[in-house]
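Hi,

Here is the structure I said I would pass on. Have a look at it first, and then read my notes underneath.

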Amino acid sequence: MSFPSLLIQLLNGLADASSLFMVSAGLSLIFGVTRIVNFAHGSLYMLGLYGAYSLIELLGRTPLGFWSAVILAAFAVGIVGALIEIVVLRRIYRAPELFQLLATFAVVLVIKDVALYAWGSEDLVGPRAPGLSMAVEILGKRIPAYDLLLIVIGPVVLGLLWLLLARTRWGALVRAATQDREMVGALGVDQAKLFTSVFFVGAVLAGLGGALQIPREPANLDLDLTVIADAFVVTVVGGLGSLPGALLAAVLIGVAKALCIGLGTVHVLGVDIVFSKLVLVVEFVIMGVVLVLRPYGLLGKPPAASRAAGAAPLPLAAPRWQTALVWIVVLLAVPLVSDDYVAALLIDIACFGLFAVSLHFIMGPAGMISFGHAAYFGLGAYAGAVLLKRAGLPMEAAFLLAPFCAALFALVYGWFCVRLSGVYLAMLTLAFAQITWSIIFQWDALTSGSNGMIGIWPAAWLADKTRYYYFAMVFCGLGVALLWRVLFSPFGYVLRAGRDSPLRAEAIGINVRGFQWAAFVLAGTMAGLAGAVFAFSKGSISPSAASISQSTDGLVMVLLGGVETLTGPVVGAGVFTWLRDALARETDYWRAVLGLVILLIVVLFPQGLVGGLKMLLGRFRERRA
Amino acid sequence: MSGGKAGAPVLLVEGLHKSFGGVQAVEDVSFALSAGELLALIGPNGAGKSTCFNMLNGQLAPDNGVVRLDGRDIVGLSPRQIWRLGVGRTFQITATFASLSVRENVQMALYSHAGRLRSLFQRFGTAMRREADALLEQIGMLDQAERPCGVLAYGDLKRVELAMALANEPRLLLMDEPTAGMAPRERVALMELTASLARARRIAVLFTEHDMDVVFGQADRIIVLDRGRLIAAGLPEEVRNNPEVRAVYLGGTH
Amino acid sequence: MLRVTDLHAYYGRAHILHGVSLEAKAGEVVALLGRNGAGKSTTMKAIMGLVPPARGTVTFAGRRIDRLPPYRIARLGLGYVPEERRIFTELTVMENLEVGRQPARAGVPTWTEEKLFTLFPNLGRMRERPGGRMSGGEQQMLTIARTLMGNPSCVMLDEPSEGLAPIIVEQMAHSILALKREGLSVILSEQNLHFCQSVADRAYIIEKGEIRFGGSMAELAADASLREQYLSV
């Protein structure tokens, strides 16, 4: 590729980086002060784009109309952000961090459907920026003037933010609250107002980032999750809480992506490297490399011990065998008394139940939050499908080998992941999941790409629905039983010990990372098993099995059920799967309803469904006693 | 001093150096510690006590110097490996497993010492119960064995830590401010308990401490650190009367 | 100035305070003595609204404050200096003081940075130093100075001498007496009886969440069995 066209791609990448920086800066700011990872930040960006589109239509395609629309859209999004804080999050600041995460997931669902209702499902292409629609000629190539403006806006916004944080009282309060928000309150600062203002500023940044993209990018409903994934990567690569880091990372990633597009297919030493196909994964590769070399990001610092007032985790209670027996009898009897629909739903619940239990295994007792557990579910499903269709293995062999394929990936991914902890770990898992998804999505020859694979049916002796029902129950049941058994073994106790106090665990000779790695692989294997059961029950599989939304579904199930209980994930998977199924048949806006239900639960039962019920039961007994 | 001079020292530190970004945190520190001996490491805040400690337990690598445990150089080993060589630790801010019961905490250390943690199916807690209860008995925590550590009073957590530190039959105990946050009498009781266990089992004990009653009451010898250097070492009375120590640390009251 | 009546407080489901009553008059230094875990810190946190009081009343300067959030209590002129200092390590000395700044209040001394630097000369020599790069003693000075920036009429100091070298503890006593001279009420929680004897006018002894003694320092000094029973000294 010639130098001028490389330069153009570079500038293009820099223009992308501006918006990415703004979203990430907002995310970082909000996380710093409130300790909430705002999953809805991508949704705010999306609202910025849609808002700018509509406002330009309203105010006219003049320079004044355009720029007022951009600014107004950003501020409108700011107000939405402040409302989210006031209406939802303010009520749950004392709840465990993960619950706040669940609440922001719910907000994502609601905003998506609000946007669907308001703007429809078609992509909306905005106008070019009036007055800046010309192109500038650089080295014989033409580049839109608007892109050049965007390149300047990024650093300008950084400068303004820096002044705000370093030179104002508000900035000092924000930085102080980042470290110890309770103390700031005890010094006479109204935390609620401070948090609302931080959400407002963070949301304005996201909205501005989105609105500024209207001449370059059509508004569409998938932006929420793709942008949040990008923003996570930027925040983590730059270093959580570092604004210059966010800009640096945004530029690095924007440029790397643009270069991959620009390079196209390159012929090196007799091998064709298709760089354009790397676009989807390049940022995650950068993130993986950076996190391994600099675990806290390029310009980040190790997190100061946060003063998050979390109660000590509760001891887990082992399930009673009588209860288990009742369930086994009920599940065995289902096909005898009900129709295919219930059995099919129960198979889904069993798959997601095992998936959720395997996620809970690493999240709860081992304390490793994963945003990307669907990778192993998807890998198990695809491994089964590929071994059956491409390798020509009999179904039984394909099915049994599938979990081990997932295990192999978990072995590799896990090696990196256990080097980190907390939010950083969560985001790295997301990165690996996204890489996996991209490979599945793009490797047409092996996976049929975006079309997915069909004709993945079980062997003849399992073709009968009832038989497959029992087959699914046995394997998922064994998977769950195995994971629960392990939790009460020395291995399981070591995981809990490593979560409670890594310092003490190391001081009594325990290799915490080693155990966490093993747990990661075990959980991945079981998620893979769930995926394989799922694939053969449907007869087809699509890349969505490894997608971000599949991962977040798993998180919602675990959190809904309650992370501190053993049976919670199964209950959560049941309620979630059933609710989603029931709602999807009633309304197009099932996501919003689901989101609202989750919000209601979060506000009413901050310990999750099972935890909440146990607490209610406890109170009831106390009153009787 | 009960067991000072007999045999080679358990811990031998020679010429320890550590600097952070050009600032010398620990400079040429040397001392030795024998089996059954209690050695107190004192000095003003920021004198380098914690840095010194963390170089002995494997948390930090020294820039220079030798740390020998029973004659074996342990510089560069991880905290985990150092524990395996027989070094028990307690922390300034207690570190126990909050969601596990007191007994399970001690059993965890015992299982680890016996190499029995890798089992996937056996139920945890069925083995090593008698050994755990014997340790809990010694530190007077047997009556609270079933309670989760997350709900214990601070002084009790300190004792659980001591039991865990004793689980691997250590040659050396490293105790970072073992009595911080305890009531005066509890402090003395804990250190008397430590001293009697150390003497009975011939364990060498190195501890940092701000409570001068504990230091002068319990330590066999004292070393004093100021701005990264050892400024005094000797018997309690010698250190108490050292004018330099009085100037930088003790002040007029002690 | 501050009156606490029958205060109860819980941590989760654990009942920590069982009806604590105490009082601090204007310009008085009151010590709250007790062992670790006796409820000293919880008492202060409950007064400050950091642990919501379950029962009982707290009045401060004639107003009920037991249902107010911490920031409202602080704005009424009740300052709180926590046990673990909790200074903002990323912020400079000047910025730490800025976070504590509240408007001047009638009838109580108004503090400026310069006035604080005469009380704590060390701080004046390190205005731009981040809090995280200060020694323990300097941090203790800063946390008190930061609270004074709110121009309180009463300050609660939670274990101000804990973890400090003996020589710094002596300085701390001088600083507390200086606050008393300014007319502030001071409530300090302590395990260190010697320290209290050098600064306090009156003392309460708290044990298992209940007040077991209230009286002058002289009475406490005269009663050896009391000290023996509750303070283990």
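Below is what I found, going from the contact between two chains to the domains and then to a few smaller details.

One thing to keep in mind throughout: this is a predicted model.

**Where chain B meets chain A**

The contact takes in 32 residues of chain B and 29 residues of chain A. Together the two chains bury about 2,600 Å², and carbon and sulfur atoms account for 66% of that. On the chain B side, the residues that lose the most area to chain A are Arg80(B), Phe97(B) and Ser99(B), which together make up 24% of what that side buries.

Arg80(B) also turns up in a salt bridge: its side chain meets that of Glu506(A), at 3.3 Å from N to O. Across this interface there are two salt bridges by the rule used. There are also 17 residue pairs in polar contact between the two chains, counting pairs with both residues at pLDDT 80 or more.

If you want to find the chain B side by eye, look for helix 2 (79-84), strand 6 (87-90), helix 3 (102-114) and helix 5 (154-166), the elements that each give two or more residues to it. Helix 3 of chain B provides the largest share, with five residues. Sorted by class, the chain B residues on this side are 16 nonpolar, eight polar and eight charged.

**Inside chain A: two domains**

Chain A is assigned domain 1 (15-231) and domain 2 (339-624). Their centres, taken over C-alpha atoms, are 32 Å apart. In the contact between them, domain 1 of chain A puts in 24 residues and domain 2 of chain A puts in 30.

The two domains bury about 2,300 Å², with 88% of it from carbon and sulfur atoms. In domain 1 of chain A, Leu98(A), Phe99(A) and Leu102(A) lose the most area to domain 2, together 26% of what that side buries.

What about charged pairs here? The count between these domains is one salt bridge. Asp113(A) and Arg591(A) form a salt bridge with their closest N and O atoms 3.3 Å apart. Polar contacts between the two domains come to two residue pairs, again with both residues at pLDDT 80 or more.

On the domain 1 side, helix 4 (97-119) and helix 9 (223-238) of chain A are the elements that give two or more residues. Helix 4 of chain A has the largest share, 14 residues. By class, that side has 21 nonpolar residues, no polar ones and three charged ones.

**Inside chain B: two domains again**

Chain B is divided into domain 1 (1-86 + 170-254) and domain 2 (95-169). The centres of these domains lie 26 Å apart over C-alpha atoms. Here 20 residues of domain 1 touch 15 residues of domain 2, and the pair buries about 1,400 Å², 62% of it on carbon and sulfur atoms. Trp83(B), Pro170(B) and Arg201(B) supply 38% of the area that domain 1 of chain B buries against domain 2, more than any other three residues.

How many salt bridges are there between the two domains of chain B? The count is zero. There are, however, five residue pairs in polar contact (both at pLDDT 80 or more). On the domain 1 side, helix 2, strand 7 (172-175) and helix 6 (184-201) of chain B each give two or more residues. Helix 6 of chain B gives the most, with six. The class split for that side is 11 nonpolar, four polar and five charged residues.

**A sheet in chain B, and one more salt bridge**

Chain B has an open, antiparallel sheet of four strands in the order 2-1-4-5. Its edges are strand 2 (23-33) and strand 5 (72-73), each pairing on one side only. Strand 4 (residues 64-69) of chain B runs antiparallel to strand 5, and two bridges join them. Leu69(B) sits opposite Arg72(B) of strand 5.

Over all chains, the salt bridges number 42. One to look up is Glu182(A) with Arg86(C), where the side chains meet at 2.8 Å, N to O. Glu182(A) is in helix 7 (residues 181-186) of chain A and Arg86(C) is in the loop between strand 6 (78-81) and helix 3 (93-100) of chain C, so this pair joins two chains.

Cheers

Note on methods: Residues numbered from 1 in each chain as written. Chains lettered and ligands numbered in written order. Predicted model: local features only at pLDDT ≥ 70, side-chain atom pairs only at ≥ 80, totals over all residues. Heavy atoms only, no water. Contact = heavy atoms within 4.5 Å. Buried area = accessible area lost by both parts, 1.4 Å probe. Salt bridge = Lys/Arg side-chain N within 4 Å of Asp/Glu carboxyl O. Polar contact = N/O pair within 3.5 Å; in protein donor to acceptor, adjacent residues only side chain to side chain. Nonpolar A, V, L, I, M, F, W, Y, C, P; charged D, E, K, R; others polar. Domains from an automatic or database assignment. Pairing = 2+ DSSP bridges.
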